[in-house]
Amino acid sequence: MAFPYSLVIFDLDGTLVDSAAAIADAVNRTLRDWNLPTYDTAEITGWIGEGSRKLITSAFRHAGSDANIDDVMPGFLEHYAETALDGPAYDGVVETLASLHAQGVKLAICTNKNEEFVRPLLDVRGMLRYFDGIVGANTLPERKPSGVPLRHLSTQAKVDIDRTLVVGDSESDVLAARDAGMDFVLVSYGYRKSLDLRTTGAVAVIDHMPDLLLLEQGDRVRGVS
């Protein structure tokens, strides 16, 4: 059964890697540096998805601090680097990437995590070898929810937009895919906040990454749930 897309662009945090605990650790270390209250992983997870600056801004505002985020970011990025490799891959992710790669499907990453943190994490989880392109939050002038990074990756891979699939977990992924004019699949286990996955127009909503391999040619046209 041939996979119905020639390029798959994956989100990273909440889609391939369960990084919430590691990110929460970095946030809380930063809050402690500023003598501010800390938060549990579940609450911090609700702030993930729009890049590190918005994440730490949310944390500091919730903590009642009006600190200049430009002053906060250097320390936060140090802590982020300290914890960046701690997130495990979700079950079946590596095997799914290997299967798609073996079928000749091109793979790419589009994440709102800064690019310097992406390759080391993919490498330590045994995934880096499968990816043809990587775009992080600071790679291009625009990031998700803009569709610009997705279109950049499809152009880089020399694959038409209608042969490209986006796989993610959040509203940023949905908005970016729509802006780029690309089909998208959502995972049910990620950091979706209040997003109603079933009403987004996704080609499919999957509970486990290996379910992605079950997509058939007709799904690209008619959509499934």
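The exercises below, each with a worked solution, concern the fold of a predicted model.

**Exercise 1. Establish the overall dimensions of the protein chain and decide how its radius of gyration relates to that of a compact globule.**

Solution. Begin with the extent of the chain: along the principal axes, its C-alpha atoms fill a box of roughly 55 × 35 × 30 Å. Next, consider the expectation for 225 residues, which is a radius of gyration near 17 Å for a compact globule; the protein chain has 17 Å, so the two agree. Then turn to the contacts, where, among those with a separation of 6 or more, 66% are accounted for by residues 24 or more positions apart. Finally, take burial and surface: 52% of the 225 residues count as buried, while the accessible surface comes to about 9900 Å², with 47% of it belonging to carbon and sulfur atoms.

**Exercise 2. Work out the strand order of the open sheet and identify its edge strands.**

Solution. The secondary structure of the chain comprises 9 helices and 6 strands. Start from strand β1 (residues 7-10), which runs parallel to β4 and is joined to it by 4 bridges; within this pairing, Ile-9 has Val-166 of β4 as its bridge partner. Continue from β4 (residues 164-168) to β5, a parallel pair with 4 bridges, in which Leu-165 stands opposite Asp-183. From β5, proceed to β6 (residues 204-206), again in the parallel sense and over 3 bridges, with Ile-206 of β6 as the bridge partner of Val-187. The complete order of the open sheet is β3-β2-β1-β4-β5-β6, with parallel pairing. Its edge strands are β3 (133-135) and β6, each of which pairs on one side only. On average, neighbouring strands of this sheet are turned by 20 degrees against each other, direction ignored.

**Exercise 3. Determine whether strand β5 is largely enclosed or largely open, and then trace how the chain reaches β5 from β4.**

Solution. Count a residue as buried if its relative accessible area is under 20%. By this criterion, 4 of the 5 residues of β5 (residues 183-187) are buried, and the strand is therefore largely enclosed by the rest of the structure. For the path, follow the chain from β4 through helix α8 (residues 171-180) to β5, a β-α-β crossover that is right-handed.

**Exercise 4. Describe where helix α6 lies with respect to β2 and β3.**

Solution. First locate helix α6 at residues 115-124 and β2 at 106-110. The helix lies across both β2 and β3, and its direction is at about 140 degrees to that of β3.

Note on methods:
Residues are numbered from 1 along each chain as its sequence is written. This is a predicted model: local features need pLDDT of at least 70, side-chain atom pairs count only at pLDDT 80 or more; totals for chains, interfaces and linings use all residues. Side-chain values use heavy atoms; hydrogens and water are left out. Buried means under 20% relative accessible area, exposed over 50%, partly exposed in between (1.4 Å probe, protein chains only). Helices (H or I, at least four residues) and strands (E, at least two) are DSSP runs, numbered from the N terminus. Two strands pair if DSSP finds at least two bridges between them. A crossover is right-handed if, with the strands pointing away from the viewer, the path from the first strand over the helix to the second runs clockwise. Axes are lines fitted to C-alpha atoms, for helices over the stretch in contact, and angles run from 0 to 180 degrees between N-to-C directions. Contact means heavy atoms within 4.5 Å. The radius of gyration is taken over C-alpha atoms; the globule rule is 2.2 Å times the number of residues to the power 0.38. Accessible areas come from the Shrake-Rupley method with a 1.4 Å probe; for residues, only the protein chains shown count as cover.
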